[in-house]
Amino acid sequence: MASQVVNFTVPLDQAFGYGIVVGLGFAFAFLMMATTWALKRYQNEIQTSEMFSTAGRSVRSGLVAAAVVSSWTWPATLLQSSTVAYEYGVAGPFYYAAGAGVQIILFATIAIELKRRAPNAHTFLEALRARYGPITHCVFIVFCLMTNILVTANILTGCSAVISALTGMHTVAVCYLLPIGVVLYTVFGGIKATFVTDYLHTIAVVTIIFIFAFNQYAVGDKGKLGSPGKVYDLLTTAAKVHPIEGNSQGSYLTLRSHEGGIFFVINLIGNFGTVFLDNGYYNKAIAASPVHAFPGRYCWPCPAICGCRIARLQWCCGNLDRRLYGRDFSVFSAADCSVLCVLFAAAMASFATGLYYAGIGMGYLYLLMGVIISSAVIPGALSLLWKQQNWIAAAASPPLGLSVALIAWLVTTKSLYGELTVTSTGEIYPMLAGNVAALLSPVVFSAILTYVFGPQNYNYESMRAIRKVDDSDFADAAHVDLELIPGEITSPSSEDMTAEEERKLARAAIYARLLTVFLAFAYLIVWPMPMYGTGYVFSKRFFTGWVVVGIIWLFITSFGVIIYPLYEGRDSIAHVVRQMFLDITGRRKPGKAVFYNHGTDVHDQSSSTGAATPTEKFGEKS
């Protein structure tokens with residue numbers, strides 16, 4: 001039977017699309033540039049190389065949590081989880097959330113170890129070079145670059161699909177115009193600007209999830225929705241009209257889903273690469289204050305589980321007379337992208353355009369990511385966790401694993417479907433074979449190569465020897481006192497962590513390992529496996545409890561990533577607002593200094609009239 005393709009009516013005008021992409025993008029960029037200027041003027045956050053790349057290593061846990069949520073809430077969070085919710089029922093969004101949340105939990109341990117092993121590193125790749133040398137460094141540059149290319153392509157294809165479908169704006173125009181605003185605020189504001197942007201993005205995402213949740217389970221749509229019971233009845237009816245093959249009793253309300261379970265494995269493996277090989281996550285760990293690196297990582301599972309499971313099922317509750325097909329879902333997505341420079345943005349826009357004309361969508365790329373990049377996950381993680389791995393094992397395991405993954409992927413495709421096409425290679429079984437081979441084969445390669453060529457028995461001293469960049473020349477040219485700029489140093493001894501910071505990080509490392517084991521075991525085994533094994537189909541009471549717990553979790557999330565960051569930064573915010581008021585009223589005289597918050601409470605050292613105290617050293621030059 002020929003597939004039916006739904007023709008969606010474009011609900012908005014093209015001008016609206018250009019207004020969103022260009023107008024909103026530039027507005028956001030100018031807002032971030034203004035914020036960067038304010039931080040420079042009132043907080044001494046001058047864009048030295050250290051500030052640009054590490055945000056002074058003083059970001060607190062609330063803002064770190066918001067940034068992680070924002071980074072991980074990309075097009076697939078809405079598009080892919082919506083698709084699998086429609087295809088597999090409640091199993092789809094649960095397996096998406098559990099399979100995409102575990103990586104952040106596990107990465108918390110890596111983040112703590114990076115802070116302990118290489119406290120002054122600027123990137124994860126820098127730490128690898130310090131341990132293994134240039135060859136391994138180059139190998140991981142390639143894999144990290146492939147990760148960024150795939151993730152950015154995912155984002156751009158998702159963005160272009162939804163904007164084009166909603167407004168009629170040409171896909172190519174979206175691909176080229178969308179990155180401009182992001183490039184502007186990143187270039188001008190560095191990583192600190194991305195933290196602020198991530199926070200605003202998180203507010204928008206959580207708000208949208210609240211709207212979806214209450215519209216589906218409280219307000220309703222012309223009597224069709226409005227309570228968990230009504231949604232349950234609709235899903236039960238849908239299962240009778242269009243039962244899901246491979247699900248227990250064909251139901252949408254069960255975690256026993258054959259293809260859903262396969263997707264779970266692919267999702268789990270693929271997202272290891274997009275976290276463990278994305279230097280953006282390491283940069284967030286590096287930018288975090290040592291005492292805030294741990295708690296900031298554990299706010300993520302709230303939106304991961306809650307958002308994906310309570311807000312995505314409404315696609316199942318539409319027209320029950322027919323089912324949608326894979327291509328129909330190319331219009332559902334939301335996005336946030338983080339490109340680093342103009343050249344990369346232009347290259348990725350061109351790449352995304354090529355994918356569009358080749359007929360490769362975000363769903364294909366999402367399943368393919370693990371095949372291409374996951375072979376570097378375990379060797380990279382072992383670089384911080386296993387002192388025996390030598391440079392040969394670290395350098396050779398990723399390309400060997402990639403080779404095995406590609407062979408497994410393509411051979412499985414050929415043997416099952418007899419041809420190699422975009423459609424056949426995108427099927428779930430070949431993708432499963434390639435993903436599993438990519439993640440697990442380096443375990444064997446790394447162990448063999450380590451013991452054949454001799455264990456390294458590394459002591460991590462070369463990582464600890466990494467020093468911060470000397471920005472003294474920049475400071476002299478800008479007439480800036482380095483002592484007042486976060487992340488800067490005036491003597492080599494000031495680079496080292498204090499004994500108190502080391503103690504807190506060591507304690508955090510223990511907590512991270514214990515909590516990582518507990519949560520990973522809960523998400524992967526304790527919660528889903530009994531429900532899958534028994535084939536349990538939700539009762540109305542159970543489904544109602546499922547929804548209520550999810551909404552409660554969403555409220556907890558909103559506190560952790562929206563309210564708590566404001567509470568943590570209350571002194572700094574009050575300081576900036578007070579100084580801006582003094583500026584506006586003319587009571588803050590030019591050339592008077594301000595006091596920067598170095599991870600502690602802000603104490604305004606100027607008088608109410610803006611007069612400088614004798615201890616102030618830095619004169620505002622803007």
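**Entry 1: aromatic pairs**

I started with the aromatic rings of this predicted model, and my count came to 26 aromatic pairs. I picked one pair to look at, Phe 538 with Trp 546, whose ring centres lie 5.0 Å apart. How are the two planes arranged? They make an angle of 50 degrees, so I noted the pair as tilted, since that word covers whatever is neither under 30 degrees nor over 60. I then checked the cover on this pair and found both Phe 538 and Trp 546 buried.

Next I asked myself which residues form one aromatic cluster with Phe 538 and Trp 546. I wrote down Phe 94, Tyr 95, Phe 264, Trp 527, Tyr 536 and Phe 542 as the other members.

**Entry 2: the whole chain**

I stepped back to see the protein chain as a whole. I found 24 helices and zero strands in its secondary structure. The chain has 622 residues, and 55% of them are buried. I looked up the accessible surface too: the chain exposes about 25,300 Å², with carbon and sulfur atoms supplying 67% of that area.

Then I turned to contacts between residues at least 6 apart in sequence. I noted that 83% of these join residues at least 24 apart.

**Entry 3: salt bridges**

How many salt bridges does a search of the whole structure find? I got five.

I began with Glu 113, which forms a salt bridge with Arg 116 at 3.3 Å, N to O. Glu 113 also has a salt bridge with Arg 117, and there the closest N and O atoms are 3.2 Å apart. Why are Glu 113 and Arg 116 separated by about one helical turn? I saw that they sit three residues apart in helix 5 (residues 91-117), and that spacing is why. Arg 117 is four residues from Glu 113 in helix 5, so this pair is also separated by about one helical turn. I reminded myself of the general rule: an α-helix has 3.6 residues a turn, so residues three or four places apart point the same way.

I checked the cover on these side chains as well. Glu 113 has a relative accessibility of 0%, so I put it down as buried. Arg 117 is buried too. Arg 116 comes out at 27%, so I wrote "partly exposed" beside it, as the buried label needs a value under 20%.

My next salt bridge was Asp 233 with Lys 540, where the closest N and O atoms are 3.1 Å apart. I placed Asp 233 in helix 9 (residues 228-241) and Lys 540 in helix 23 (residues 540-568), so this pair ties together parts that are 307 residues apart in sequence. Asp 233 is partly exposed at 36% relative accessibility, and Lys 540 is partly exposed at 37%.

Before moving on, I followed the shared partners. Salt bridges join Glu 113, Arg 116, Arg 117 and Arg 513 into one network.

**Entry 4: helix 14**

I tried a little length check on helix 14, which has 12 residues (362-373). At 1.5 Å a residue, I expected a span of 16 Å, and the end C-alpha atoms are indeed 16 Å apart, so the two values agree.

Is helix 14 largely enclosed or open? I found 11 of its 12 residues buried, so the helix is largely enclosed by the rest of the structure. Among the buried ones I jotted down Met 362, Tyr 364, Gly 370 and Ile 373.

**Entry 5: Phe 124**

I went on to Phe 124, which lies in helix 6 (residues 124-132). Its relative accessible area is 1%, so I called Phe 124 buried. Which residues does Phe 124 contact, leaving aside neighbours within four places in sequence? My list reads Asn 279, Tyr 282, Ile 286, Gly 380 and Leu 384. I followed up on Asn 279: it is 155 residues from Phe 124 along the chain, yet their C-alpha atoms are separated by 6.5 Å.

**Entry 6: helix 18 and a surface patch**

I finished on the surface. Here Leu 440, Val 443, Val 444, Ile 448, Val 452 and Phe 453 form a nonpolar patch with about 570 Å² of accessible area together. I placed Phe 453 in helix 18 (residues 428-453). Its relative accessible area is 52%, so Phe 453 counts as exposed, the cut-off being over 50%.

Ser 441 is also found in helix 18. Is Ser 441 buried or exposed? At 14% relative accessibility, I counted Ser 441 as buried. Not counting residues up to four places away, I saw it touch Gly 401, Val 404 and Val 436.

Conventions: Residues are numbered from 1 along each chain as its sequence is written. This is a predicted model: local features need pLDDT of at least 70, side-chain atom pairs count only at pLDDT 80 or more; totals for chains, interfaces and linings use all residues. Side-chain values use heavy atoms; hydrogens and water are left out. Patches are made of residues with over 30% relative accessible area and no salt bridge: like charges are joined within 9 Å, nonpolar side chains (Val, Leu, Ile, Met, Phe, Trp, Tyr) within 5 Å. Accessible areas come from the Shrake-Rupley method with a 1.4 Å probe; for residues, only the protein chains shown count as cover. A salt bridge is a side-chain nitrogen of Lys or Arg within 4 Å of a carboxyl oxygen of Asp or Glu. Helices (H or I, at least four residues) and strands (E, at least two) are DSSP runs, numbered from the N terminus. Buried means under 20% relative accessible area, exposed over 50%, partly exposed in between (1.4 Å probe, protein chains only). The expected span of a helix is 1.5 Å times one less than its number of residues. Contact means heavy atoms within 4.5 Å. Rings of Phe, Tyr and Trp (its six-membered ring) pair if their centres lie within 6.5 Å; planes under 30 degrees apart count as stacked, over 60 as edge-to-face and the rest as tilted.
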